[in-house]
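Please look over the sequence and the model below before reading on. The report that follows takes up one helix, then the cores, the pocket and a few single residues.

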Amino acid sequence: MGGRVLLTRRSGGDLAGLWEFPGGKVEPGESEEDCLRREIREELGLFIRVERFLGESHYHYPGMAIRLRAWLCSCNWLDAKGIRLADHDAFAWATAADLPGFAWAPADLPFLDLLPDLLKT
């Protein structure tokens with residue numbers, strides 16, 4: 001979105017206050033792309049286009065291992081102005097230069113290296 005990426009801040013649980021890339025869990029019978037469209041619509045009120053797969057992160061939190069898969073997505077800028085938060089307490093549109101200034105959920109950190117080239121305008 002104009003050289004920016006959408007970030008959301010977790011509002012509850014052990015990772016409250018940490019920033020992440022929005023997404024969610026794939027439900028049985030659902031593709032990853034359909035999951036992203038559903039989760040972003042439910043959590044942020046946005047209708048997105050899933051463009052392409054970017055990479056994967058594996059992280060072991062205490063008592064839990066997770067696998068995150070990152071996808072490049074886009075949305076209409078006018079739609080993006082109407083974001084409504086359902087599961088987070090804040091959102092930000094960030095440039096590559098902004099990213100180091102956020103307190104990140106550890107599992108999302110590997111994706112930061114992918115973004116500078118993707119966010120060039």
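Which residue follows α1, and is its phi positive or negative? The residue after α1 is Gly45, and its phi is positive, near 75°. The model is predicted, so to speak of local features a pLDDT of at least 70 is needed, side-chain atom pairs count only at pLDDT 80 or more, and totals for chains, interfaces and linings use all residues. Residues are numbered from 1 along each chain as its sequence is written, and side-chain values use heavy atoms, with hydrogens and water left out.

**The helix α1**

Helices (H or I, at least four residues) and strands (E, at least two) are DSSP runs, numbered from the N terminus. The expected span of a helix is 1.5 Å times one less than its number of residues, and for the 13 residues of α1 this gives 18 Å, which agrees with the 17 Å between its end C-alpha atoms. The buried residues of α1 (buried means under 20% relative accessible area, exposed over 50%, partly exposed in between, with a 1.4 Å probe and protein chains only) are Cys35, Leu36, Arg38, Glu39, Ile40, Glu43 and Leu44. These buried residues pack against β1, β3, β4 and β5, where contact means heavy atoms within 4.5 Å.

**Two nonpolar cores**

A nonpolar core is a set of buried Ala, Val, Leu, Ile, Met, Phe, Trp, Tyr and Cys residues joined through side-chain atoms within 4.5 Å. The largest one has 15 residues, and those with the most contacts inside it are Val5, Leu7, Phe21, Leu99 and Trp104. Strands β1 (5-10) and β5 (88-94) each supply at least two of its residues, and β5 gives the most, with 3 residues. A second, separate core of 10 residues includes Ile40, Leu46, Trp71 and Cys75.

Leaving aside residues up to four places away in sequence, Leu7 touches a list of residues that includes Trp19, Phe21, Ala92, Leu99 and Trp104. With that same exclusion, Val5 touches Phe21, Ala92, Trp93, Ala94, Leu99, Leu115 and Leu119.

**The largest pocket**

A pocket is found on a 1 Å grid over the protein atoms alone, as an open set of points where a 1.4 Å probe fits, with protein on both sides within 12 Å along at least five of seven lines, and its lining residues have an atom within 4 Å of a point. The largest pocket holds about 1600 Å³ of space, a volume being the space filled by probe spheres set on grid points that are joined across faces, edges and corners. Its lining has 50 residues, of which Phe21, Pro22, Gly23, Gly24 and Asp108 lie nearest the centre. The largest share of that lining, 11 residues, comes from β4.

**Three strand residues**

The table gives the C-alpha separation between each of three residues and a partner elsewhere in the chain.

| Residue | Partner | Places apart along the chain | C-alpha separation |
|---|---|---|---|
| Val5 | Leu46 | 41 residues | 14 Å |
| Arg49 | Ser74 | 25 residues | 5.2 Å |
| Tyr61 | Asp14 | 47 residues | 9.9 Å |

Val5 is found in strand β1 and counts as buried at 15% relative accessibility. Arg49 has its place in strand β3 and is partly exposed, with a relative accessible area of 45%. Tyr61 also lies in strand β3, and its relative accessible area of 12% makes it buried. Not counting residues up to four places away in sequence, Tyr61 touches Leu15, Ile66, Ala105, Pro106 and Ala107.
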